[in-house]
Each structure stands twice: as structure tokens, then as C-alpha cells.
Amino acid sequence: KIVSDTKMPAFKVAALRGGMGEMLLRQNCVSDRNCQVCRFRDACVVMHTFYSYMPSKPSYVTGKESVGYLIECGDVRENFPKGNEFEFSLLLFGESIVFFNLFLQAFTQLGMEGIGRWKARFWIAEVKNTEGIPIVRRESVDMRNYQIKNLRDYVLRRKQELSGRKTYVMRFLTPLSMKYQKNYMKEFYSEALVKGAARRIQMLNYYLGQEAELPDFTEYPKIHSQEVKYAAVNRYSSTQDIRMTFYGIKGKIIFDWIPETCLEYLLAGELTHMGKNISFGFGQYMFLKDHLQGERR
């Protein structure tokens, strides 16, 4: 809930993620934030939360891309009067699940400090699980309502919800930044989408200490039509003290047919997202129940 009249960026995930990281460092870093040479690196909770430390990585992972958490926020409003509320989601994977209270503390502190250039301050009124049951209400925390879900169960449920249809409609709710044949995509390619979803699952397996191989897909979905538009997201990095712009594409893809194995990976990707810059909110999509279902952002 907003403390006083303020403004926030339309694309809030980057600000939430950056602010969360700063609060985690303030609360937990015992050195000088030089993570590469820190002697406490292996035991550091910031490495195990904000940076999602992995002992080994797939060859295509070259940066500090997060694996253990994702932030989603579909609220694009910029003006917030005092007392207004806004919602965002925090998804935790693997070992990050046990660090819920560290994330909660970071967001609580962030609310007192404020996010974005306008330092929008807020307090956490409630945290709910995926069933809508409160885990946190004001200052009361009940971890008995903290439910751990299985990605496989999610995929099976979504397959059932989408069963019986002749076409599938996939809409990117946030920009997708992904390369296909060494170039950043300017339109959607089914092979790239399927492999992008599979790479996210592979990265999660590595995060859990399982060096899984990418599957050998023999066929890919058939795209009937697509709508594409370019998108850009501006953000400020307090760590590097620079402003930067991330680019991607958004839009809708209609598939005539999707092989079952491909569909399962793509449905898993609804939760795990795909492509670059996912820790800043990129690569979020959903298969729609009908062609008229709208965008969230």
C-alpha cells in the first residue's frame, strides 16, 4: 500500500528487482560487495538469493542471470495517490524457496526506502500463496500457508485446461529478448521458442545440481500467424551508476499444432519465462483460453 502521493515507472519489475538486490546487500553483505574475490562467497546468502549461485552452468550462460527467483508485475500505472495498492508476484525455484523470509525482509525494507527515481514508499499489506491464502497479513507471518508446488503438476493442469482445442494462442505479456541463428529476433520462430523454454528448465536443473542435457526435438509447432511489435524498457543501475535500455518484441502467436513434448516445455515456460533479462521482467507469456483474452501489460 502506497504511503504518500507518488509515481512509479510503468515497467516496475526492474525497479523492484534492483531495489530488492540493494536491500539484500545492505542487510547481509559482511564484506565490500566485491563478490568475485569475497572469501565468504560460497556461504553468502546474497549469492544464494539475488544471484542464484550455481556451482556449474550450461555453456551458454555467461553472466549473472538469476535462476532462483522471478518477479512479475502487470500494473502499468505511473501515478499513485496515497493509500493506493499495487500487486506484484515473487516466484521462487529450487533452493531459493527456503529463503522466503530474506526476500520478505528485503521488500519490507525497500518499502521504507522507496523505489524508482521518485522513491515511492509502500508497506506490505498482505502476501498470499497461489491459492489466495494469506502467508503474511500486516505484521503476522504464518508459514503453514507457504505451499511448495511442483512444476510438473502445473504443466499437467494447464494441458488439461487447454485440451481439445485445434489452435493455440500464445501472447507475450512482457518483451522477449532472444537470439535465433545468431541474431536477435524481430519475429517469433517456433524452434527458438521451444528451445528457449527448454534452456530455462535446463538452467533450473543445473541450479538444483543436476547437469541435464537439452532434449533432441524432432519437430516444432507450426505457426499459423503472428502479431509482433517492438518494445523497449529503460532502467537505471545503481550498482553501475548508468542508465540502460533493454529491447525486445511482444505480440501474439497462433499455432495450428504443437507436438506434445514441445507443449509441455512451453507450458512450463509460463512460470519460468524465457530469453534474456528475465530477472528484469522479460520473457513472460501465457497461452490464452480464447483469442479475445487481453494483455496484462
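This note goes through several parts of a predicted model, from a three-stranded sheet and the helices to one buried loop residue.

1. A small group of strands is a convenient place to begin, and it helps to recall that strands of a sheet pair through backbone hydrogen bonds, either parallel or antiparallel. Here an open sheet of three strands follows the order E5-E6-E7, and its pairing is antiparallel. Because E5 and E7 stand at the edges, each with a single partner strand, one side of each is left without a neighbour in the sheet. Helix H3 packs on this sheet, where it touches E5, E6 and E7, and the direction of H3 makes about 35° with that of E6.

2. The two pairings within this sheet can be followed residue by residue. Strand E5 (residues 126-128) is joined to strand E6 (residues 134-137) by three bridges, and Lys128 has Pro134 in E6 as its bridge partner. Strand E6 is in turn joined to strand E7 (residues 140-141) by two bridges, again with the strands running antiparallel; Arg137 is partnered by Ser140 in E7, while Val136 is partnered by Val141.

3. Which residues take a positive phi in the hairpins of this sheet? In the hairpin of E5 and E6, which has five residues between the strands, Gly132 has a positive phi near 85°. In the hairpin of E6 and E7, where two residues lie between the strands, the residue with a positive phi is Arg138, with a value near 55°.

4. Helix H3 also has a helical partner, and two packed helices are described by the angle between their axes and the distance between the axes. Helix H1 (residues 13-28) and helix H3 (residues 100-113) pack at an angle of about 105°, and their axes are 8 Å apart. Since angles of 65 to 115 degrees count as roughly perpendicular, H1 is described as roughly perpendicular to H3. On the H1 side, the residues in contact include Leu16, Met20, Met23 and Leu24, and on the H3 side they include Leu102, Phe103, Phe107 and Leu110. The residues of the contact of H1 with H3 divide into nine nonpolar, five polar and two charged.

5. Helix H5 (residues 190-207) allows a simple check of its length. Its 18 residues, at 1.5 Å a residue, should span 26 Å, and because its end C-alpha atoms are 26 Å apart, the expectation and the model agree. The helix is mostly covered, with 15 of its 18 residues buried, and H5 is followed by Gly209, whose phi is positive, near 85°.

6. Is strand E8 (residues 168-176) mostly covered or mostly uncovered? It is mostly covered, as nine of its nine residues are buried. E8 pairs in the antiparallel sense with strand E12 (residues 242-257) over six bridges, and Phe172 stands opposite Gly251 in that strand. E8 also pairs in the antiparallel sense with strand E13 (residues 285-287), over three bridges, with Arg171 standing opposite Met286.

7. A last point concerns Ser177, which lies in the loop between E8 and strand E9 (179-180). Its relative accessibility is 5%, and Ser177 therefore counts as buried, given that buried means under 20%. When residues up to four places away in sequence are not counted, Ser177 touches Tyr184, Tyr247, Gly275, Lys276, Asn277 and Phe282. Among these contacts, Tyr247 falls within the residue range of strand E12 (residues 242-257).

Terms used: Residues are numbered from 1 along each chain as its sequence is written. This is a predicted model: local features need pLDDT of at least 70, side-chain atom pairs count only at pLDDT 80 or more; totals for chains, interfaces and linings use all residues. Side-chain values use heavy atoms; hydrogens and water are left out. Buried means under 20% relative accessible area, exposed over 50%, partly exposed in between (1.4 Å probe, protein chains only). Helices (H or I, at least four residues) and strands (E, at least two) are DSSP runs, numbered from the N terminus. Two strands pair if DSSP finds at least two bridges between them. Axes are lines fitted to C-alpha atoms, for helices over the stretch in contact, and angles run from 0 to 180 degrees between N-to-C directions. Angles under 35 degrees count as roughly parallel, over 145 as roughly antiparallel, 65 to 115 as roughly perpendicular and the rest as oblique. Contact means heavy atoms within 4.5 Å. Ala, Val, Leu, Ile, Met, Phe, Trp, Tyr, Cys and Pro count as nonpolar, Asp, Glu, Lys and Arg as charged, and the others, Gly among them, as polar. The expected span of a helix is 1.5 Å times one less than its number of residues.
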